[in-house]
Amino acid sequence: MDSRYQEVYARWRAEPEAFWREASGEVAWIKPPRTIFDPASGVYGTWFPDGTCNTCFNALDRHVEAGRGDQVALIYDSPLTGQVRRFTYTEMQEEVAVLGAVLEDLGIGAGDRVVIYMPMVPEAVFAMLACARIGAVHSVVFGGFAAHELAKRIDDATPRAVLTASCGIEPGRIVQYKPLLDAAIDLAAAKPDTVLLLQREQSPADMNASRDHDWVEAVAKARTAGRRAPCVERRASDPLYILYTSGTTGVPKGVVRDNGGHLVALHWTMRNIYGIAPGEVFWAASDIGWAVGHSYITYAPLFYGATALLYEGKPVGTPDPGAFWRVIAEHKVVSLFTAPTALRAIKKEDPSGAHLKHHDISSLRSLFLAGERADPDTVQWAEQMLKVPVIDHWWQTETGWPIAANPIGLGILPVKHGSPTVPMPGYDVLVVDDAHQPVGPDVMGSIIIRLPLPPGNLPTLWGHDDRMRTSYLKDFPGFYSTSDAGFRDEDGYLYIMGRTDDIINVAGHRLSTGGMEEVVASHPAVAECAVVGVKDSLKGEVPCGFVVLKAGVNRPHEEIEREVLGLVREKIGPVAAFKIAIVVPRLPKTRSGKILRRTIKSIVDDGQWSIPATIDDPAILDEIAGLVRPRVSGS
Ligand code: COA
Ligand code: AMP
């Protein structure tokens with residue numbers, strides 16, 4: 001089949017407002033928008049400014065009213081607890097309406113913020129939708145972040161309530177969430193009034209009598225009392241959620257998602273990009289703490305009347321590298337969306353795909369990859385094993401849906417390994433040089449997107465219009481700077497090669513090396529430090545720290561290195577995967593005193609480097625290489 005991509009993209013370019021007006025006709029509005037885009041309001045304009053809707057209505061009630069109530073909306077599959085549970089649209093609607101009523105009874109209303117710090121359990125999805133139902137603004141914090149990071153998010157979002165569970169389960173260990181939350185609330189200046197706590201039998205937590213409420217009891221009470229929260233009317237431009245993501249400093253950015261634009265854009269992607277039909281099972285093997293989890297576990301599949309899958313497990317070790325294939329076979333998954341790192345983990349343990357033979361994965365039509373660059377080896381391996389199209393697509397938390405993809409719903413384009421293919425409608429993507437001029441084919445440059453960003457992209461950063469402007473809009477006036485670098489080939493295919501800032505991607509998780517440096521520098525023995533992302537065959541990149549000690553510190557280096565690693569784990573969380581810190585006598589710098597992080601990275605990654613013209617003392621590079629060689633494999 002010929003792809004309709006060129007025609008659809010050209011139609012969007014010619015008449016963007018008509019394009020999004022048509023897409024907006026596919027979702028349920030309370031008051032349909034008359035204006036599609038208002039360039040005069042907001043930081044760079046506002047989508048559907050006079051429309052009103054309810055996001056939860058579109059995810060649940062709409063389908064029940066249309067007669068899909070008995071269809072399964074959510075499958076929870078947890079190899080970590082040995083459970084599989086299914087919820088129909090009618091059951092989800094009931095669960096979410098009751099939980100919404102519990103929140104209302106706790107005094108939470110439209111516009112109030114609610115932090116959700118939970119593992120991958122169905123109640124976490126109910127919580128997101130219950131907030132949407134009553135107009136509260138949720139902010140989900142990934143469970144792998146520790147108390148200090150959670151506290152920063154609480155202080156920025158100033159939530160009235162936190163919804164949590166007693167514990168998460170990682171292979172071989174229970175992660176006690178409640179003590180982390182208690183510590184975060186102690187650290188935070190903004191104290192939430194209420195905590196709603198889901199006790200898990202694997203490890204119940206102590207309750208704070210004056211603040212904490214038992215989830216199961218509160219839900220049972222509201223249910224018995226016949227309390228059900230209705231869907232409240234929200235302006236399309238009202239915030240649906242805040243999702244914090246790493247910025248270049250230790251202060252995370254609160255990416256805002258609105259109700260209307262998000263609804264329209266995500267609904268559009270399900271058929272046109274992912275090629276899904278209502279009633280089919282779509283599985284994003286991510287975590288609800290990430291943008292992919294928000295968009296493609298909770299929201300888009302439900303907007304579209306598909307079946308979403310929530311997986312509490314890992315690609316390997318729960319119990320074996322056949323885990324993904326088992327889930328696909330058992331639940332007839334049509335499309336899987338994961339990070340390349342998950343495939344590398346499976347490939348490492350089962351390179352010949354022996355585990356595939358035990359599972360019938362014939363329901364699978366496509367595999368989508370995102371979160372980091374999909375290396376051609378991994379893509380090729382997956383194609384050979386799964387015998388379905390393997391689609392790399394490019395995303396950011398800020399965009400909430402793919403900037404570039406191979407839209408199989410519009411007809412697949414030829415796959416080129418190493419490229420996430422072409423820009424999607426809504427995105428006018430340019431590759432430019434340092435003078436802001438577009439570059440020719442195959443020339444590397446900064447990647448920018450012409451404003452306005454399409455519906456579903458961030459309208460601003462929570463409470464910080466100024467930071468939105470300085471972080472994304474200032475460097476290239478009239479454009480959004482992606483902070484990604486790459487090139488375009490002569491067929492117009494994009495290649496995303498890496499970040500231009502100090503963000504690194506560790507196992508598909510976005511982290512700030514600047515944030516880690518702040519923590520390392522807080523150690524009393526540390527004079528200065530540099531953290532760089534270095535190549536890792538499994539996780540893509542891992543952080544590696546170089547530490548200079550204060551004069552007069554003569555404790556054993558190994559001891560300080562261990563303490564520094566422990567400090568990052570304690571302050572940022574295990575997700576940072578910060579496992580290498582090396583004490584060095586000094587750091588390479590330019591004559592003006594800037595640390596040469598890129599040169600340090602080349603030393604570790606390639607074992608070779610070119611000497612920057614501006615370096616103060618080139619001898620330091622040999623010194624560092626000598627220390628790195630025995631410590632970091634591959635260098
Ligand atoms: N709560 C608490 N701790 C968590 C956690 C959570 N939700 N998720 C991860 N962690 C911990 C892990 O237990 C690990 O701790 P450890 O240092 O004690 O071993 C640490 O954080 C690092 O976790 P992770 O990066 O996930 O590494 P891993 O070695 O446990 O697993 C992979 C490696 C490749 C299997 C795993 O990273 C993976 O599945 N990645 C896919 C990522 C993804 O889907 N990203 C979303 C973008 S689409
Ligand atoms: P996150 O906000 O966590 O989704 O991370 C966004 C960053 O991940 C992007 O800016 C890219 O650097 C990287 N990324 C995501 N998807 C891809 C991809 N398909 N190819 C290359 N890099 C990607």
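1. Which residues lie nearest the centre of the largest cavity? They are Glu149, Ser246, Ser512, Gly515 and Ile572, and they belong to a lining of 17 residues. The model is a predicted one, and the volumes below are computed from it.

2. The structure holds five cavities of 30 Å³ or more. The two largest are taken in turn here. The largest has a volume of about 140 Å³, and the second largest one of about 80 Å³.

3. Three elements, α6 (147–157), β28 (509–512) and α15 (513–521), each supply at least two residues of the lining of the largest cavity. Helix α6 gives the largest share, three residues.

4. As to residue class, nonpolar and polar residues number seven each in the lining of the largest cavity, and three residues there are charged.

5. What lines the second largest cavity? Its lining consists of Ala374, Val379, Val390, Ile391, Asp392, Asn406, Val415, Lys416, His417, Gly418, Ser419 and Thr421. Strand β20, residues 390–392, contributes the most to this lining, with three residues.

6. How do the residues of the lining of the second largest cavity divide by class? Five are nonpolar, five are polar and two are charged. The lining includes Asp392 and Lys416, and both residue types count as charged.

Notes. Residues are numbered from 1 along each chain as its sequence is written. Chains are lettered from A and ligands numbered from 1 in the order in which they are written. This is a predicted model: local features need pLDDT of at least 70, side-chain atom pairs count only at pLDDT 80 or more; totals for chains, interfaces and linings use all residues. Side-chain values use heavy atoms; hydrogens and water are left out. On a 1 Å grid over the protein atoms alone, a cavity is a set of points where a 1.4 Å probe fits but cannot get out, and a pocket is an open set with protein on both sides within 12 Å along at least five of seven lines; lining residues have an atom within 4 Å of a point. Grid points are joined across faces, edges and corners, and a volume is the space filled by probe spheres set on the points. Helices (H or I, at least four residues) and strands (E, at least two) are DSSP runs, numbered from the N terminus.
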